[in-house]
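Reader: I should like to go through the model with you residue by residue, and then as a whole. May we begin with the charged side chains?

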Amino acid sequence: MISQPALSLVEAIAARLADPGTAPLSSSTLSSNRQHLAYGPSGIALLHTELAAHGLGPWQRAHDWLTAASRQPLTKGPDSHPFYGAPAFAHSLACAADHLPGSYQRALHDIDGQIAVDVGRRLDAAHRRMDAGRLPQAAEFDAIRGLTGYGAYLLRRDPGSSTMRAVLEYCVRLTEPITHHGETLPGWWTETGPSGSLDDRFPGGHANTGMAHGIGGVLALLALAARNGSVISGHHAALCTILTWLDRWKEKAHGGPVWPYWVTQCELRRGRLAPSAPQRPSWCYGTAGLARAQQLAALALGGASRQVEAEYALVAALTDPEQLKATTDNGLCHGFAGLAHAAARTADDAHPSTAGRLRAAIPTLLAAVIPPGTDPELMATALIQEKEGGPGLLDGAAGVALALLAPSTAAPPRTAWDACLLIA
């Protein structure tokens with residue numbers, strides 16, 4: 001069933017962001033944030049690419065935003081990462097090129113070559129770090145800045161390449177335990193807080209479970225690769241190691257099973273989590289992203305019971321008033337639009353016993369984004385002008401529109417725009 005209010009909001013956002021020369025943008029969108037997929041023009045280009053692929057908008061808009069993103073030289077090499085610089089631009093460019101045969105191939109060829117070099121350099125450094133018995137930084141492996149994010153891109157562009165295989169081999173090795181100061185820790189344990197900096201609130205560091213900065217993203221990449229037929233030695237064992245860790249720290253909320261955002265050293269040593277208030281079930285951290293990752297892993301491993309359990313966890317999270325109360329914005333990363341998109345993506349692959357319940361949760365999420373009686377034109381303007389979110393992909397208006405499109409039309413995405421999130 002099509003949700004007309006949500007679709008009207010998508011169209012209103014797209015209309016206001018039609019032209020980078022006239023769109024109501026903050027100065028940072030085309031300056032300091034120009035190269036960032038989360039905030040800049042390449043993220044907005046994804047919206048217009050998806051709409052054009054659906055026949056809901058002209059390809060010229062996507063091209064104009066890609067041009068705006070690349071008008072000045074893009075950062076390459078060590079200072080770039082999957083969400084910044086040339087690799088971030090490559091994701092948006094590849095999504096358009098998939099639907100425009102022959103277009104953008106020279107630029108993609110050049111960037112892909114640079115990405116292969118950068119990934120090789122990062123892998124060499126990671127293996128040296130492992131050989132020395134040191135703990136990783138989240139930026140080494142996470143989906144936003146690290147090798148998992150590069151793996152998401154390579155899985156689409158060149159899944160059979162030696163570089164893709166090397167990334168998977170690294171991910172498998174990352175799941176091996178590490179001994180640090182005489183204590184056995186999971187291989188993805190970091191000495192910092194979730195921000196990536198030393199934090200007095202995290203003495204001894206933490207193990208991050210999230211999709212954006214933790215082992216959830218690694219789980220999703222390994223699962224997606226296995227479903228794609230890219231399987232290496234130790235692949236299934238690594239999947240099981242991560243799943244066992246998540247099982248170990250799963251808790252029961254009022255609505256159903258939930259997972260912590262992270263595990264601290266104190267919690268690890270005492271073997272239980274500290275009491276906490278209900279947390280939002282978002283993509284970046286929490287049940288929405290982790291439920292999808294575990295569903296994908298179950299599909300890769302052939303575990304029907306685990307698949308249904310993961311899907312039920314998402315149903316429970318999306319219908320639990322306490323968890324939904326903790327969700328306070330509309331964005332893709334950790335808001336209601338992102339929850340609707342995760343529900344739609346999960347429902348597409350769900351067991352018959354849970355697919356209907358997942359889809360039944362979507363209208364409430366759409367109504368949370370655009371309540372009945374809301375003027376979509378006014379809301380589109382408000383979203384674009386929000387100081388925190390603005391027009392961009394991860395927290396802003398373009399991401400809201402992209403996240404609403406599949407749930408509001410009951411049709412899966414036509415492009416791979418959400419591959420950077422590792423949920424498809």
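Reader: At 17% relative accessibility, is Asp199 buried or exposed?
Author: Buried means under 20% relative accessible area, exposed over 50%, and partly exposed in between (1.4 Å probe, protein chains only). The relative accessibility of Asp199 is 17%, so the residue counts as buried.

Reader: On what kind of model do such values rest?
Author: Residues are numbered from 1 along each chain as its sequence is written, and side-chain values use heavy atoms, with hydrogens and water left out. Local features need pLDDT of at least 70, side-chain atom pairs count only at pLDDT 80 or more, and totals for chains, interfaces and linings use all residues, the structure being a predicted model.

Reader: With which residue does Asp199 form a salt bridge?
Author: A salt bridge requires a side-chain nitrogen of Lys or Arg within 4 Å of a carboxyl oxygen of Asp or Glu. The partner counts as exposed, at 66% relative accessibility for Arg201. The closest N and O atoms are 2.7 Å apart, and the residue that Asp199 pairs with is Arg201.

Reader: Which residues do salt bridges with shared partners join into one network?
Author: Side chains of opposite charge can pair when their charged atoms come close. Through shared salt-bridge partners, one network joins Arg227, Arg292 and Asp349.

Reader: How many residues apart in sequence are Arg129 and Glu140?
Author: Helices (H or I, at least four residues) and strands (E, at least two) are DSSP runs, numbered from the N terminus. Arg129 and Glu140 are both buried. Among the 17 salt bridges found in the whole structure is the one between these two side chains, at 2.5 Å from N to O. Arg129 belongs to helix H5 (residues 105-131) and Glu140 to helix H6 (residues 138-141), so the pair ties together parts whose separation in residues is 11.

Reader: What separation in residues does the link between Asp131 and Arg173 cover?
Author: Asp131 is exposed, at 58% relative accessibility, whereas Arg173 is partly exposed, at 26%. Their side chains meet in a salt bridge of 2.6 Å, N to O. With Asp131 in helix H5 and Arg173 in helix H8 (residues 162-174), the pair links distant parts of the chain, and the separation in residues is 42.

Reader: How far apart are the end C-alpha atoms of helix H12?
Author: The expected span of a helix is 1.5 Å times one less than its number of residues. H12 (residues 287-301) has 13 of its 15 residues buried, and Gly302, which follows it, has a positive phi near 80 degrees. The 15 residues should span 21 Å, which agrees with the distance between the end C-alpha atoms, 20 Å.

Reader: How many of the 13 residues of H2 are buried?
Author: In helix H2 (residues 41-53) the expected span is 18 Å, which agrees with end C-alpha atoms that are 18 Å apart. Just after H2, Gly55 takes a positive phi of about 75 degrees. The helix is mostly covered, and of its 13 residues the number buried is 13.

Reader: Which residues form the cluster linked by ring pairs?
Author: Rings of Phe, Tyr and Trp (its six-membered ring) pair if their centres lie within 6.5 Å; planes under 30 degrees apart count as stacked, over 60 as edge-to-face and the rest as tilted. Six aromatic pairs are counted, and one of them is the edge-to-face pair of Phe202 and Trp262, with 5.4 Å between centres and 80 degrees between planes. Trp262 is partly exposed at 24% and also forms an edge-to-face pair with Tyr285, at 5.7 Å and 85 degrees. The cluster consists of Phe202, Tyr261, Trp262 and Tyr285.

Reader: What is the radius of gyration of the protein?
Author: The protein has 18 helices and six strands, its C-alpha atoms fill a box of roughly 60 × 50 × 40 Å along the principal axes, and buried residues make up 58% of the 424. The radius is taken over C-alpha atoms, and the globule rule is 2.2 Å times the number of residues to the power 0.38. A compact globule of 424 residues would have a value near 22 Å, which agrees with that of the protein, 20 Å.
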